[in-house]
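Biologist: I should like to learn how to read the surroundings of a ligand and the packing of two helices. May we begin with the ligand?

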Amino acid sequence: MPPLSSSSPLPSPFSASLPCPDAVVAALRTAGCVFAEDEAELILATARTAGELLALVDRRVSGLPLELVLGWAGFRGLRIAVAPGVFVPRRRTEFLVTEALAQAPDAAVVVDLCCGSGAVGAALAAALDRPEVHAADVDPAAVHCARGNLADAGGRVYAGDLFDALPDTVRGRVDILAANVPYVPTGEVPLLPAEARDHEPLVALDGGADGLDVLRRVAAGAPDWLAPGGCLLVETSERQAPAAVDAFTRAGLATRLAVCEELYAHVVIGVREPGLG
Ligand SMILES: C[S@@+](CC[C@H](N)C(=O)[O-])C[C@H]1O[C@@H](n2cnc3c(N)ncnc32)[C@H](O)[C@@H]1O
């Protein structure tokens, strides 16, 4: 089936004034959407008119990621607004949030570094008791998106390179420093699924030769920003985990690796021990 568009003739169920769920599922399945039924349900729940439904299906069939079609991504039960050119939060990253909350359930100061849409900061803010939330990203599109998602939590979002973006008032006070950094090795970026390659910026994906360039910089800078007992959490891959743990340990953090088999998620957790200078 060719992509549905307002200029191409519609399959007959679309011509009806009432949307036909089966036709939406069929169009999505034909376009190669593996979870056509689930996607159709979300699209049908989002569209307010038959015309809008047609436009949403058209965009999805033409290859736009579902989250960009809907304008939001689900993350730990929240609806996180996403925008073109901004990394779509992954379900796998929910594990980083779970681990952060287990490590620091009473955190009062939270930083979401490399925040993208701000999903991690928003999820932490939703689970904690009115924490002070700061977030930063080098990409202006991400900063704009995160400002919207963190507004209800009173979050402050800054533009700039890693810690350079943060106000000095935060230094030494951070209880949770969450950083879902880009960690795809440069040579593997072309192997990513098209939805990532074609719709997410390189700066959100490319972590340098071994994928750990940004992670190493974050680990090295973290002790200055963490409160005594504060923790740094970074997502990584199974293959990169030993080198990532090493980077944390070299920075003087008490380090462990947490793994969630179900989400295939690997999170390195480093704690600034209270005695650390
Ligand atoms: C993998 S995405 C994660 C986004 C978000 N934390 C999430 O989990 O959905 C990495 C983010 O890091 C940002 N980034 C890359 N290099 C950066 C740097 N040097 N300083 C700040 N942000 C950076 C990218 O713009 C991108 O938004």
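Modeller: A residue counts as near a molecule if its C-beta atom, placed from the backbone, lies within 6 Å of it. Please bear in mind that this is a predicted model.

Biologist: Which residues come nearest to the ligand?

Modeller: The ligand has 22 residues around it, and those that come nearest are Pro89, Cys114, Gly116, Asn180 and Ala204. Two or more residues of this shell are given by each of helix H7 (119-127), strand E4 (132-137) and helix H10 (202-205).

Biologist: How many residues of the shell are nonpolar, polar and charged?

Modeller: The shell around the ligand divides into 15 nonpolar, 4 polar and 3 charged residues.

Biologist: What does the record say about residues 81-183?

Modeller: UniProt, in an unreviewed entry, lists residues 81-183 as "domain: Methyltransferase small". In the model, residues 81-183 are 29% helix and 21% strand, with the end C-alpha atoms 23 Å apart.

Biologist: At what angle do helix H2 and helix H3 pack?

Modeller: An angle that is neither under 35 degrees, nor over 145, nor from 65 to 115 counts as oblique. Helix H2 (residues 21-30) and helix H3 (residues 36-46) pack at about 125°, their axes being 9 Å apart; H2 and H3 are therefore oblique to each other. Their crossing is right-handed.

Biologist: Which residues make the contact?

Modeller: H2 contributes Pro21, Val24, Val25, Leu28 and Arg29, while H3 contributes Ala36, Glu37, Glu39, Ala40, Ile43 and Leu44. By class, the contact of H2 with H3 holds 8 nonpolar, no polar and 3 charged residues.

Technical notes:
Residues numbered from 1 in each chain as written. Predicted model: local features only at pLDDT ≥ 70, side-chain atom pairs only at ≥ 80, totals over all residues. Helix = DSSP H or I, 4+ residues; strand = E, 2+ residues; numbered from the N terminus. Nonpolar A, V, L, I, M, F, W, Y, C, P; charged D, E, K, R; others polar. Axes fitted to C-alpha atoms, helices over the stretch in contact; angles between N-to-C directions. Left-handed = near helix turned anticlockwise from the far one by under 90°. Contact = placed C-beta atoms within 7 Å. UniProt positions renumbered as here; feature names shortened; annotations may be inferred.
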